[in-house]
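Biologist: Before we discuss any detail, could you show me the sequence together with the model, and then take my questions one at a time?

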Amino acid sequence: MTGAIDLATVWAFIIAFAVFVYVVMDGFDLGLGILFPLFPKKEDRDVIMNSVAPVWDGNETWLVLGGGGLMAAFPLAYAVLMPALYTPMIAMLIGLIFRGVAFEFRWRVTQGKRNRWDVAFAGGSLLATLAQGIALGAILQGVHVEGRHYAGGWWDWLTPFSVLTGIALAIGYALLGATWLVMKTEGPLRDKAYHLCWFLLFAMIGAIGAVSIATPFLHIQYTQRWFSWPNVILTAPVPIAVAAVTVLLLRSLANKWDYQPFFLTLALFALSYAGLGISMWPYIVPQSITIWQAASPENSQIFMLFGVAALIPLILGYTGWAYWVFRGKVKAGSGYH
Amino acid sequence: MFEGWDAVVLARAQFAFTMSFHIVFPAFSIGLASYLAVLEALWLWTGREVFINLFNYWLKIFAVAFGMGVVSGIVMSYQFGTNWSVFSDKTGPVIGPLMAYEVLTAFFLEAGFLGVMLFGLERVGHRLHFIATLMVAVGTLISAFWILSANSWMQTPAGYAVNADGQFVAADWLKVIFNPSFPYRLVHMVLAAYLTTALVVGAVGAFHLLRDRHLAGPRVMFSMAMWMATLVAPIQIVAGDQHGLNTLEHQPVKIMAMEGHFESHKDGAPLVLFGLPDQAAGKVKYAVEVPKLGSLILKHSLDAPLAGLDTVPRKDWPPVPIAFWSFRIMVGMGFLMMGLGLLSLWARWRGTLYHSRLLHMFALAMAPSGFIAVLAGWVTTETGRQPFTVYGLLRTVDAASPLAAPAVASSLIAFIIVYFAVFSAGVIYLLRLMAAPPHHGERGPGGDVPARAAGITPAAGATARGTA
C-alpha cells in the first residue's frame, strides 16, 4: 500500500511538472498573441512571430503530455474533469487551432489576408488562455461527482470566480509575453514591450491578490489549509516570496535589464502554482477525488515511470539545444522566415 | 430536429469528423518527412543543387501540412476525455501509457527538431541540420508505432485483465503493445503514408511536366514518386491481404461486413464484387459475385466453409453497407496505384517517362487517391469494429461521456465550422505552393523574407559544392 501511495505522489508531481512547464512555455507565446493587437506594425508582428516560430510547437507538446499523462496515471480524474470542463476545453482547442495554423498561414498570403490570420493568432491566443484560466478556476471550486462520473450540468464551470481566474491568467501570460519581448527584441519594439511590463506587472499583482483572497472563500478546507496553526508556518513563505520576487522584478524593470524580468516572472508563476498545489493537495478533483483514488494500477504507473525517467531529461536537453540555436535578439527583416 | 441523434451518435459523428480531417495530415507528413530526409541526404551526398531546391520546396509544404496535423491532433487527444470519458476511465490504465509514450518518444522529438529543420539550416551547419531532419522523420514513424499499437489494442485486445473498478489493466505489456493485429496494421498504415505522399509528389511533378517537360526538379520528383508507386503499391496489396487474413482470425465479424457475407456458406463462399448490402433484409441486393473466390482469398481453398452474419446476433452487427463500400473504395484505389506504377515502369523502359502526356495526366488525376484510400481504409476498420469500442469487450454506447445531446451537438457544429474555415484555407495555401514549380535557389519556409544568413545561403552553398 505504501508503495502505491508513493507512486501516486510521484505521478502527481510529474503531471504537475508537465502542466507547469506547459504554462510557462506556452504561456509566453500565448501572451504574445494577447499582446498582438497592441503592435499593429507589420514589421513588429513579423519579429514577434519569428521570436517563437521555431519553438512554439515544442512548447505546446507539454499540453499533450499533461492531458495524456493525466489519462494514463489518473484516468478517473481525467474522466471526471474533462466532461466537467467540456465547454472551456472545446473553446481552448478551437483557440489553439486558430493560433497554431496562424504561425504558418500568415506567411502564405498577401498583406490583406495576413491581417485575417493576425486576428486568428490574437483571438485564438486570448480564447485559449481565458479557457485555461476558467478551467483552473472551475477545478478549484470543485465539480459535482457521483460514483465514477461527472454529475453536474454543462455550464457549472461558469462562475464569477472562474471568470476571475480566466482574466488573471490572461494578465499573467501577457506579462510573460511582454518580458519575453524585452529579452528577445531591440529598439522601439523593445521599448514598447518594456512599458507594457510596468502596467502588466501591477495588474498581475492585483490579480494574484484577488485570486488569493477569493480562494479561501470557496471551501473551508482551503481556509484551514492556509490559515490554521501550524499550517501557516508552511504556507506563509509563499506570499512572502511573492512579495520578494515582486520587489526584484520592479528593480529589474527600473534598471531596464534584458533577461531578469522574464525569469522573475517565471518565478512569480512558479510561486502562484505552488500556492495552487498547497490548496489542492491531496485532491486531484478538489474535495471529491484524491490522487490515490484516481491513480492508475501500479503496473501502469511503473511502466510509464521508466519512460519519464529516461526521456524527460533527454527532451529537456534537446529542447534546450533548440532554444540555444535560436538564441539572441531577433532583428526586423532578418527573421527565421 | 435531432430525433434519434442522442449524445452517443453525436459523439461518434464528432469523432468520425475530426478523425477524418486529422488522419490525412499525418498520413502525408509521415511520408513527406521521410522524403525530405532522403532529399537532404542526396544533396549532402551528391552536392547537386536540384536536391536542395526540392528539399526547400517540399519543406514549405511540409510546414503547412504539419501545422494542420498538430492542431487537429491535439483535438483528438482531448476528445477521449471530453466525449468518451467512460472509455478513458476504463481503458486509461492500458491505452493511456501507450499514448503517453507517443508523446514522450515521438511528439517531443518532432516538435523539438522541427524548428531547427524549418529555420536552422544556416545556423547549425549541414550535418547537424540533416540530423534534425532525420529526427523529425524518425519521430513521425515512432508516432505511428504507438498510436497504431493503441488502436490495434482496441481492435484485438490482448495482455489485459479487468480490475474491481471495471478498468482494463495490463497483465503483460509486451502482449498489449504487440497485440495480434498491430504488426499488420503498422505496416499497412506506414506503407499507405508513403504511397499517399508519393502520389502527391508524383502529381505535382506531372503537373509541372505537363507545362514544361524539361524542368529538372519536376523530373526528379516525378521519377522518384513513380519508383515508389511501382515498388510499394504491389507490396501494399500483399500487406493488405495479410492484414485481411489476420482480421478474419481475430475479428471475423468485420470481414463478414466488409465482404457482405450475410449468409453462411458450407462449401465455398463467393466473392461479392459489387451490390447493395441491405442491413435490414440481411442480404446483398443485385450482387455481382464470383463463386468460390471468397473462400479462395480468405481461406486459400475453393471449398472452405465460411460463416456469415447469420451466425452473429443482430445487436453485434457492424453497419454493413459502410464497411462494404469503404473497403471496395480502398481496394480500388490500391489497384489503380499499382496500375500507375506499372504504366510508369513501361514508360521508363520505353524512355517516355518525361514525355508521355497520358501518363502525366493519369498521375495528376491520382493525386488524391492516397488520401481517399487512407480515409476509406480507416472507415472500414473503425466501422467494422462497431458496435464495440474495445472489440467484444466494451460497447460504444457504454463508453461515452455522461453529456447532454445539446452540448455535444454544439461542439460538433463548432468543429465543423472551424475545420472547414481553417483547413480549407490551409489546403488552398498548399495547392498554391504546389502550383509553382521548384526553381533555382529555392528558399525554405518564409520565401520572400530574407533569411538570417551569416553569409552563405543554402543555394549558394550547393552551387559552390556542385561546381567544386
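Modeller: A term first: a salt bridge here is a side-chain nitrogen of Lys or Arg within 4 Å of a carboxyl oxygen of Asp or Glu. Please keep in mind that this is a predicted model.

Biologist: Which residue forms a salt bridge with Glu442(B), and at what N to O distance?

Modeller: Glu442(B) lies in the loop between helix H14 (405–435) and helix H15 (458–467) of chain B, and its partner lies in helix H2 (residues 49–83) of chain B, so the pair ties together parts that are 382 residues apart in sequence. Both Glu442(B) and its partner are buried. The partner is Lys60(B), and the N to O distance is 2.5 Å.

Biologist: How many salt bridges does a search of the whole structure find over all chains?

Modeller: Some of them are linked, since Lys42(A), Arg45(A), Asp46(A), Arg106(A), Arg114(A) and Asp118(A) form a network of salt bridges. Across the interface of chain A and chain B the rule finds 2. Over all chains, the search of the whole structure gives 19.

Biologist: What is the N to O distance in the salt bridge of Glu60(A) and Arg99(A)?

Modeller: Glu60(A) belongs to helix H3 of chain A and Arg99(A) to helix H5 of chain A, so this pair ties together parts that are 39 residues apart in sequence. Glu60(A) counts as buried because its relative accessibility is 1%, and Arg99(A) counts as buried because its relative accessibility is 0%. The N to O distance of the pair is 2.1 Å.

Biologist: Which residue of chain A meets Asp89(B) in a salt bridge?

Modeller: Asp89(B) is found in helix H3 (residues 85–119) of chain B, and it counts as buried because its relative accessibility is 6%. Leaving aside residues up to four places away in sequence, Asp89(B) touches Pro75(A), Leu76(A), Ala79(A), Gln167(B) and one further residue, Arg148(A). The N to O distance of the salt bridge is 2.8 Å, and the partner of Asp89(B) is Arg148(A).

Biologist: At what N to O distance does Arg148(A) meet Asp165(B) in a salt bridge?

Modeller: This pair crosses between chains, from Arg148(A) in the loop between strand E1 (145–146) and E2 of chain A to Asp165(B) in the loop between strand E1 (160–162) and strand E2 (168–170) of chain B. Arg148(A) is partly exposed, with a relative accessible area of 23%, and Asp165(B) counts as partly exposed at 43% relative accessibility. The N to O distance is 3.6 Å.

Biologist: About how much area do chain A and chain B bury between them?

Modeller: In terms of contacts, 67 residues of chain A meet 79 residues of chain B. Of the area buried between the two chains, 73% is on carbon and sulfur atoms. The area that chain A and chain B bury between them is about 6,600 Å².

Biologist: Which element gives the most residues to the side of chain A that touches chain B?

Modeller: There are 16 residue pairs in polar contact between chain A and chain B, both residues being at pLDDT 80 or more. Several elements of chain A each supply at least two residues of the side that touches chain B, among them helix H3 (56–73), helix H5 (86–105) and helix H14 (298–325). With 14 residues, the element that gives the most is H14(A).

Biologist: Which radius of gyration does chain A have?

Modeller: The C-alpha atoms of chain A fill a box of roughly 60 × 40 × 40 Å along the principal axes, and 59% of the 337 residues of chain A count as buried. A compact globule of 337 residues would have a radius of gyration near 20 Å, which agrees with the value for chain A, 20 Å.

Biologist: Which peptide bond of chain A that leads into a proline is cis?

Modeller: The proline, Pro282(A), lies in the loop between helix H12 (260–280) and strand E3 (283–285) of chain A. Omega is near -5°, and the cis bond runs from Trp281(A) to Pro282(A).

Definitions and conventions:
Residues are numbered from 1 along each chain as its sequence is written. Chains are lettered from A and ligands numbered from 1 in the order in which they are written. This is a predicted model: local features need pLDDT of at least 70, side-chain atom pairs count only at pLDDT 80 or more; totals for chains, interfaces and linings use all residues. Side-chain values use heavy atoms; hydrogens and water are left out. Contact means heavy atoms within 4.5 Å. Buried area is the accessible area (1.4 Å probe) that two parts lose on being put together, summed over both. A polar contact is a pair of N or O atoms within 3.5 Å; within protein, one must be able to donate a hydrogen and the other to accept it, and residues adjacent in sequence count only if both atoms are side-chain atoms. Helices (H or I, at least four residues) and strands (E, at least two) are DSSP runs, numbered from the N terminus. The radius of gyration is taken over C-alpha atoms; the globule rule is 2.2 Å times the number of residues to the power 0.38. Buried means under 20% relative accessible area, exposed over 50%, partly exposed in between (1.4 Å probe, protein chains only).
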